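This briefing walks through the strands, sheets and packed helices of one protein chain. Please keep the structure in view while reading the points below.

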Amino acid sequence: MEPQARPRRVTIVDVARHAQVSTTAVSKVLRNAYGASPEMRAKVRRAIDELGYRPNAGARGLRGQTYTIGVMLPDIRNPFFPEILDGVTGSLEDTEYQVLLGPGCNGEKAEARVTEAMIDRGMDGLVLIAPVSSRAHLERVAAAVPTVVVGRHGSSPVYDTVVDDDVEGAALVVAHLAGLGHRRIAHIEHHETDPTRLAEMPNARRSDGYRQAMRAHGLAEYIDVVSTSYTQEGGYRGARELLARPLRPTAVFAGADIVAMGVLEAVAEAGLSVPGDISVAGYDNTTFAALGLISLTSVDQAGHEIGRNAARLLLDRIADRRRPSAQVRLSPTLAPRRTTAPPPE
């Protein structure tokens, strides 16, 4: 049998003929440029839908824009990051921009490969979520392509940032637990040694916030921090260490919901109950935190709103590369649920 010929790609000329307008008019509609009337836009959009026209990204890239946005996620297993992604994609759904994802794998080398690949492919802008790369690398990326950095505190003249007030979020957890009567409140943090990341990363800010809040509530002598990782395994290992203390804590503040999942596992394995024997609180208010069987007390940092702001700042940066950099800081709230209660008698 003769191999079937590939169907011919629909072109801008086909769209113009179908809509009975000029190719210049179609181009204006595709670029959302000035000079196309609402009636013309409707005709062209109808022709595009009927013919199934898709712009050639390579050709558009040669003209200066590919209408693609790259989003780097550090860990695709962390259920909080899709919340941010939803905010980004939701804000772009009425534009021509398409979001493409790249895994950063929580490492500087992997992040560099992803960001360089996105730049090489002519993406119009990048959203980097909780990158661990050096400030110098982030600024090199931002010098090459419009960039918004999510989850890194501090500021830069060349990229915009969106963050949660992580110190305040930690303070909300400590205030909640102290208000219930807890004194031995422990914290599981993500291990960090790099000086810049200690100053800028959300995990380090939450740990600082925990310490500050414990002192503010007169609980400095009960400060107890275990350093593992922001993973379920990290939460499990941290909880095992805390439960082995001669005087175990009555409450654990896990630095992320995914960490709290590991804590719940370790507590159950030890034959203890939550919150009867030990209270547990997380951070991120991910979808599973609200599930009835889990009902995890958690800090809501509005991931969707973070993503929405990141998309807005990026479109502004794409439109004007020379504008001053912007920093958005969102205020968290606490979502109390069944994993926290007064300590046992």
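In this predicted model, strand 4 (residues 147-150) runs parallel to strand 5 (residues 160-164), and 3 bridges join the two. Within that pairing, Val 149 has Thr 161 of strand 5 as its bridge partner. The protein chain as a whole contains 13 helices and 12 strands, and the points below take up two sheets in turn before coming to the chain overall.

**The parallel sheet**

- Strands 4 and 5 belong to an open sheet of 6 strands, which follow the order 2-1-3-4-5-11 with parallel pairing.
- The edges of this sheet are formed by strand 2 (98-103) and strand 11 (327-330), each of which pairs on one side only.
- From one strand to the next, the twist averages 15°.

**The mixed sheet**

- Another open sheet is made of 6 strands in the order 7-6-8-9-10-12, and here the pairing is mixed.
- Strand 7 (224-228) and strand 12 are the edge strands of this sheet, each pairing on one side only.
- Neighbouring strands of the mixed sheet are turned against each other by 20° on average, with direction ignored.
- Helix 10 (residues 202-216) packs on this sheet, where it touches strand 6 (185-190), strand 7, strand 8 (251-254) and strand 9, and its direction makes about 160° with that of strand 6.
- Helix 12 (residues 257-269) also packs on the sheet, in contact with strand 6, strand 8, strand 9 and strand 10, and its direction makes about 155° with that of strand 9.

**Pairing around strand 10**

- Strand 9 (residues 279-283) and strand 10 (residues 297-300) run parallel and are joined by 3 bridges.
- Bridge partners across this pair include Gly 282 with Ser 298 of strand 10, and Tyr 283 with Val 299 of strand 10.
- Strand 10 also pairs with strand 12 (residues 333-335), over 3 bridges and in the antiparallel sense.
- Val 299 takes part in this pairing as well, with Leu 334 of strand 12 as its bridge partner.

**The chain overall**

- The C-alpha trace spans about 80 × 45 × 45 Å along its principal axes.
- Of the 345 residues in the protein chain, 48% count as buried.
- Among contacts with a separation of 6 or more, 68% are between residues 24 or more positions apart.
- The accessible surface comes to about 16800 Å², with 51% of this area belonging to carbon and sulfur atoms.
- The chain carries 40 positive and 41 negative charges, whose mean positions lie 7 Å apart.

Note on methods: Residues are numbered from 1 along each chain as its sequence is written. This is a predicted model: local features need pLDDT of at least 70, side-chain atom pairs count only at pLDDT 80 or more; totals for chains, interfaces and linings use all residues. Side-chain values use heavy atoms; hydrogens and water are left out. Two strands pair if DSSP finds at least two bridges between them. Helices (H or I, at least four residues) and strands (E, at least two) are DSSP runs, numbered from the N terminus. Axes are lines fitted to C-alpha atoms, for helices over the stretch in contact, and angles run from 0 to 180 degrees between N-to-C directions. Buried means under 20% relative accessible area, exposed over 50%, partly exposed in between (1.4 Å probe, protein chains only). Contact means heavy atoms within 4.5 Å. Accessible areas come from the Shrake-Rupley method with a 1.4 Å probe; for residues, only the protein chains shown count as cover. Lys and Arg count as positive and Asp and Glu as negative; His and the chain ends are not counted. The place of a charge is taken as NZ of Lys, CZ of Arg, CG of Asp or CD of Glu.
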